[in-house]
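Trainee: I would like a close look at one part of this structure, the pockets and what lines them. Please add what bears on the cysteines and on the helix at the start of the chain.

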Amino acid sequence: MGASPPAIESVCVFCGSSDAAAPSLLADAAGLGRALAADGRRLIYGGGGVGLMGACARAAHEAGGDVLGIIPQFLTSRERALEVVETIVVRSMHERKQIMFERSDGFVVLPGGIGTLEEIIELLSWRRLDLHRKPVVFYSPEGFWDPLFKLLEHTVAANLTPADFMDSWAVAARVADILPKLDGRLTVGDAEDAVLTTTRIT
């Protein structure tokens with residue numbers, strides 16, 4: 001038998017920082033934070049206390065989870081850094097993303113805006129360049145991320161991206177499916193008849 005895949009102990013979450021996000025999305029982010037805490041996994045996030053980012057981190061912390069925030073100095077006021085969790089203050093966005101990447105075993109992408117898009121496109125670009133093989137899961141309620149996937153499929157159809165690049169991530173439609181998919185245990189079927197397989201997302 002082959003070696004077991006490495007444990008996903010630290011999870012980086014990319015997500016929106018807007019307090020104007022739909023209440024359902026804020027609740028989902030909090031649900032993920034609680035799930036990470038319950039599983040004993042460390043949350044690595046952007047360090048702010050606003051939007052989905054703040055909801056996820058605050059819920060993880062309140063549930064007794066280990067949380068690490070990384071935030072640039074110029075955003076500490078704008079994104080209202082959470083003082084109740086361990087936070088590293090850095091000089092730039094580039095430094096923030098590099099530390100988030102280095103400290104994480106896997107990545108979850110919740111709904112977000114242009115900042116989240118910038119983060120995940122860079123992460124997928126690094127994957128395309130074989131700079132990492134860490135698992136990536138998009139949480140896409142009601143097909144939130146479908147337009148992005150369609151754009152990436154368009155680049156494949158234009159022979160600008162290899163077809164196997166589309167296997168670089170998994171997609172979860174329910175919060176409950178995020179961590180199983182991150183671990184490579186794909187949920188097949190609906191919520192009532194789910195079957196977990198041992199397929200590994202690499």
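Mentor: What follows takes the largest pocket, then the cysteines, then a helix, and ends with the second largest pocket. Keep in mind that this is a predicted model.

The largest pocket has a volume of about 540 Å³. Its lining is made up of 28 residues, and those closest to the centre are C15, S17, E79, G115 and T116. Four elements each give two or more residues to this lining: strand β1 (10–14) and the helices α2 (51–62), α3 (93–103) and α4 (114–128). Of these, α4 gives the most, with five residues. Sorted by class, the lining has 15 nonpolar residues, eight polar ones and five charged ones.

C15, one of the residues closest to the centre of that pocket, leads to the cysteines. How many disulfides does the structure hold? It holds zero. For C12, the closest cysteine sulfur is that of C15, and no bond is formed because the two sulfurs are 9.1 Å apart, whereas a disulfide needs them within 2.5 Å. C56 is likewise in no disulfide; its nearest cysteine sulfur also belongs to C15, 6.0 Å away. Is C12 buried or exposed? C12 counts as buried because its relative accessibility is 0%. C56 counts as buried too, at 1% relative accessibility, since the limit for that class is under 20%.

Helix α1 comes next. It covers residues 23–38, which makes 16 residues, and spans 22 Å from its first C-alpha to its last, close to the 22 Å expected at 1.5 Å a residue. Its buried residues are L25, A29, A30, G31, L32, G33, L36 and A37. Among the elements that cover these buried residues are the strands β1, β2 (42–45) and β5 (106–109), together with the helices α2 and α6 (175–182). Two of these names have come up already: β1 and α2 both give residues to the lining of the largest pocket. After α1 comes G40, which has a positive phi, near 75°.

The second largest pocket holds about 210 Å³ of space. Ten residues line this pocket, and R127, R133, D164, F165 and S168 lie nearest its centre. By class, its lining has two nonpolar, two polar and six charged residues. For the largest pocket, the corresponding figures are 15 nonpolar, eight polar and five charged.

How values were computed. Residues are numbered from 1 along each chain as its sequence is written. This is a predicted model: local features need pLDDT of at least 70, side-chain atom pairs count only at pLDDT 80 or more; totals for chains, interfaces and linings use all residues. Side-chain values use heavy atoms; hydrogens and water are left out. Buried means under 20% relative accessible area, exposed over 50%, partly exposed in between (1.4 Å probe, protein chains only). On a 1 Å grid over the protein atoms alone, a cavity is a set of points where a 1.4 Å probe fits but cannot get out, and a pocket is an open set with protein on both sides within 12 Å along at least five of seven lines; lining residues have an atom within 4 Å of a point. Grid points are joined across faces, edges and corners, and a volume is the space filled by probe spheres set on the points. Ala, Val, Leu, Ile, Met, Phe, Trp, Tyr, Cys and Pro count as nonpolar, Asp, Glu, Lys and Arg as charged, and the others, Gly among them, as polar. The expected span of a helix is 1.5 Å times one less than its number of residues. Contact means heavy atoms within 4.5 Å.
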